[in-house]
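Reader: Hey, got a minute to walk me through this one? I'd like to know what I'm looking at before I get back to the bench.

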Amino acid sequence: ANMQLISISFGFLPIAFAGMLFGAYAGFFAGAMADLVGAILFPFGAFNPVFTVIAGLSGLIYGLFLLGERVSLLQIILCQLIINAFIHVGLNTAVIAFMYNKAFIGILNARIFKNFAMLPLEVASIYLLINIRPVIKRSLK
């Protein structure tokens, strides 16, 4: 079985953007839909709807932390830290371990490393999005 434990992607950016523009519910919807569309267009392994809910939770967190006119760098860091630690390292790792009958601890180290190595890049990417948000909001009107 082809089991992907680590992946690097910027697919979080549209989900974060939906949350920062439209709030937690839109973020949840964007995260869930991104997972479903990805599963349909680029199937990889067995589909599990739990991943769809988890992806939605990421969007919800983006919406809770990033909605508003003034978003601080600390808010961005905390938001991404919560998503990386609890969603990606915690929940996703648990589901992967369960689905593929692997030891949680056995796959945890690589996922911790990847998620915390990516944290600065993810925070910087969201920071840039926050700064171009006013331009995009004006173009949506």
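Reader: What pattern does the protein follow along the sequence?

Author: Read from start to end, it goes α-α-α-α-α. That is five helices and zero strands, where helices (H or I, at least four residues) and strands (E, at least two) are DSSP runs numbered from the N terminus. Before we go on: this is a predicted model, so local features need pLDDT of at least 70 and side-chain atom pairs count only at pLDDT 80 or more, while totals for chains, interfaces and linings use all residues. Residues are numbered from 1 along each chain as its sequence is written, and side-chain values use heavy atoms, with hydrogens and water left out.

Reader: Got it. What radius of gyration does it have, and what would a compact globule have?

Author: The protein has 15 Å, and a compact globule with 141 residues would be near 14 Å, so the two agree. The radius is taken over C-alpha atoms, and the globule rule is 2.2 Å times the number of residues to the power 0.38. Along its principal axes, the C-alpha trace spans about 50 × 30 × 20 Å.

Reader: How much of it counts as buried?

Author: Of the 141 residues, 38% are buried. Buried means under 20% relative accessible area, exposed means over 50%, and partly exposed is in between (1.4 Å probe, protein chains only).

Reader: And which residues of α1 are buried?

Author: Phe12, Ile15, Ala16, Phe17, Ala18, Gly19, Met20 and Leu21. That makes α1 mostly covered, with eight of its eleven residues buried. The cover includes α2, α3, α4 and α5. Just after α1 comes Gly23, with a positive phi near 100°.

Reader: OK, α2 next. What do its buried residues pack against?

Author: They pack against α1 (12–22) and α3. The buried ones are Ala24, Gly27, Ala30, Gly31 and Ala32. Ala26 is in α2 too, but Ala26 counts as partly exposed at 25% relative accessibility.

Reader: What span should α2 have, and how far apart are its ends?

Author: At 1.5 Å a residue, the 18 residues of α2 should span 26 Å, and the end C-alpha atoms are 25 Å apart, which agrees. The expected span is 1.5 Å times one less than the number of residues.

Reader: How far apart are the end C-alpha atoms of α5?

Author: In α5 (residues 104–140) they are only 44 Å apart, short of the 54 Å that a straight helix of 37 residues would reach.

Reader: Where in α5 does the kink lie?

Author: At Ile132, shortly before the proline Pro134, and the kink is about 45°. The bend at a residue is the angle between axes fitted to the seven residues ending there and the seven starting there.

Reader: Switching topic: is Asn84 buried or exposed?

Author: Buried, since its relative accessibility is 0%. Asn84 sits in helix α4 (residues 73–99). Leaving aside neighbours within four places in sequence, Asn84 is in contact (heavy atoms within 4.5 Å) with Val89, Asn115, Leu119 and Glu122.

Reader: What about Ser58, buried or exposed?

Author: Ser58 is buried, with a relative accessible area of 8%. Ser58 is found in helix α3. With neighbours within four places in sequence left aside, Ser58 is in contact with Ile83, Ile87 and His88.

Reader: And Asn101, where is that one?

Author: In the loop between α4 and α5. Asn101 counts as exposed at 72% relative accessibility. Asn101 also has a positive phi of about 55° although it is not a glycine. Most residues other than glycine have a negative phi.

Reader: Last thing, the aromatics. How many pairs are there?

Author: Rings of Phe, Tyr and Trp (its six-membered ring) pair if their centres lie within 6.5 Å; planes under 30 degrees apart count as stacked, over 60 as edge-to-face and the rest as tilted. By this rule there is one aromatic pair. The ring centres of Phe10 and Phe12 are 6.1 Å apart and the planes are at 35°, so the pair is tilted. Phe10 counts as partly exposed at 39% relative accessibility, whereas Phe12 is buried at 12%.

Reader: And Phe42, buried or exposed?

Author: Phe42 is exposed, at 63% relative accessibility. Phe42 is in the loop between α2 (24–41) and α3 (49–66).
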